[in-house]
Amino acid sequence: MRLSSLLFIFVLATQTLCAQVRTTKLTAYKQFKPSTIILKDGRELKQPLTNIFLKNSSLLYMKGDQSMEANMDNIIGVKFDDRQYVKIDTLLCYQVDTVGHDALYRATIMDLAAYHQQLKNNQVITSMSLGDQISTATVDLSTEDDFKFPLIDIFYYRLNGEFVRTHERNLGRVLPKEKMRMLKTFVALPEFSWTDEQSLLKLLKALQ
């Protein structure tokens, strides 16, 4: 493939990924801070230095001068001074807003698949030798921004006390037929987005 064609593919891939928010941070908070950890058995443990790990939205705590990832199997929630996280599936999620007795929750994690694909796309083959041994030469087109982690938001509804990921397939398992018709009508609107908080809150209100 010609170098010009490879560069064109690289530009398209870059444009696709640049729409994501990107960060150099590994944690939700700039500094580790106190929190109260709520365990499955009802106990509450206070920790002086904790944070949320953006890799997988798990809990980090300081042990001496090292940060450690907590065992999430026994944790059901974490209270910080500004927000409370609830474990949904394997993710620590915080409440965005409520609609009636229901609510929208959000977790932000690194899109590591997109990150590795971005770096892979930046390796452009400039020449290839097909002699007795195959050899190639590449140019790395990565910029400083390419080494920032792209972030994605994962949303959940709390519907009638049950957590459901915000996707038509998942909601279809818990909604009655009349509300499924409302769902299909709503998501067909051109302004609706499964990744936009306001769209999801409006949908939640419509499902009341």
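**Figure 1. Lys 46 sits in strand S3, which covers residues 44–53.** Strands here are DSSP runs of E with at least two residues, helices are runs of H or I with at least four, and both are numbered from the N terminus. A word on what you are looking at: this is a predicted model, in which local features need pLDDT of at least 70, side-chain atom pairs count only at pLDDT 80 or more, and totals for chains, interfaces and linings use all residues. Residues are numbered from 1 along each chain as its sequence is written, and side-chain values use heavy atoms, with hydrogens and water left out.

Is Lys 46 buried or exposed? Lys 46 counts as exposed because its relative accessibility is 68%; the cut-offs are under 20% relative accessible area for buried, over 50% for exposed, and partly exposed in between, with a 1.4 Å probe and protein chains only. Setting aside residues up to four places away in sequence, Lys 46 touches Ser 35 and Thr 36, where contact means heavy atoms within 4.5 Å. Ser 35 is 11 residues from Lys 46 in sequence, and their C-alpha atoms are 5.9 Å apart in space. With Thr 36, Lys 46 shares a side-chain to side-chain polar contact of 3.4 Å. A polar contact is a pair of N or O atoms within 3.5 Å; within protein, one must be able to donate a hydrogen and the other to accept it, and residues adjacent in sequence count only if both atoms are side-chain atoms.

**Figure 2. Thr 27 lies in the loop between strand S1 (22–23) and strand S2 (33–39).** Thr 27 has a relative accessible area of 13%, so this residue is buried. Which residues does Thr 27 touch, not counting those up to four places away in sequence? They are Asn 51, Ile 52, Leu 54 and Leu 60. Look for two polar partners of the Thr 27 side chain: the backbone oxygen of Tyr 29 at 2.8 Å, and the side chain of Asn 51 at 3.4 Å. Thr 50 is 23 residues from Thr 27 along the chain, with 9.9 Å between their C-alpha atoms.

**Figure 3. Ser 57, Asp 89 and Gly 42 give us three loop views.** Ser 57 belongs to the loop between S3 and strand S4 (58–63). Its phi is near 55 degrees, a positive value in a residue other than glycine. Ser 57 counts as buried because its relative accessibility is 1%.

Asp 89 is in the loop between strand S7 (84–88) and S8. Phi of Asp 89 is also positive in a non-glycine residue, near 55 degrees. Asp 89 has a relative accessible area of 57%, so this residue is exposed.

Gly 42 is in the loop between S2 and S3. Gly 42 is exposed because its relative accessible area is 53%. Ile 76 is 34 residues from Gly 42 in sequence, and the pair are 9.2 Å apart in space, C-alpha to C-alpha.

**Figure 4. Thr 166 is found in the loop between strand S13 (162–165) and helix H3 (168–172).** Thr 166 is buried because its relative accessible area is 8%. Leaving out neighbours within four places in sequence, Thr 166 is in contact with Leu 104, Phe 155, Tyr 156, Tyr 157, Trp 194 and Leu 200. Leu 200 is one of the buried residues of H5, the helix to visit next.

**Figure 5. Helix H4 (residues 177–187) and helix H5 (residues 197–206) cross at roughly 150 degrees, and their axes come within 10 Å.** H4 is therefore roughly antiparallel to H5; angles over 145 degrees earn that description, those under 35 count as roughly parallel, 65 to 115 as roughly perpendicular and the rest as oblique. Axes are lines fitted to C-alpha atoms, for helices over the stretch in contact, and angles run from 0 to 180 degrees between N-to-C directions. At this meeting place, Met 182, Leu 183, Phe 186 and Val 187 in H4 meet Ser 199, Lys 202, Leu 203 and Ala 206 in H5. Buried residues in H5 are Ser 199, Leu 200, Leu 201, Leu 203 and Leu 204. What do the buried residues of H5 pack against? Their partners are strand S8 (91–99), strand S9 (102–110), strand S12 (149–159) and H4.

**Figure 6. For context, the chain has five helices and 13 strands.** Of its 208 residues, 38% are buried. Among contacts between residues at least 6 apart in sequence, 54% join residues at least 24 apart.
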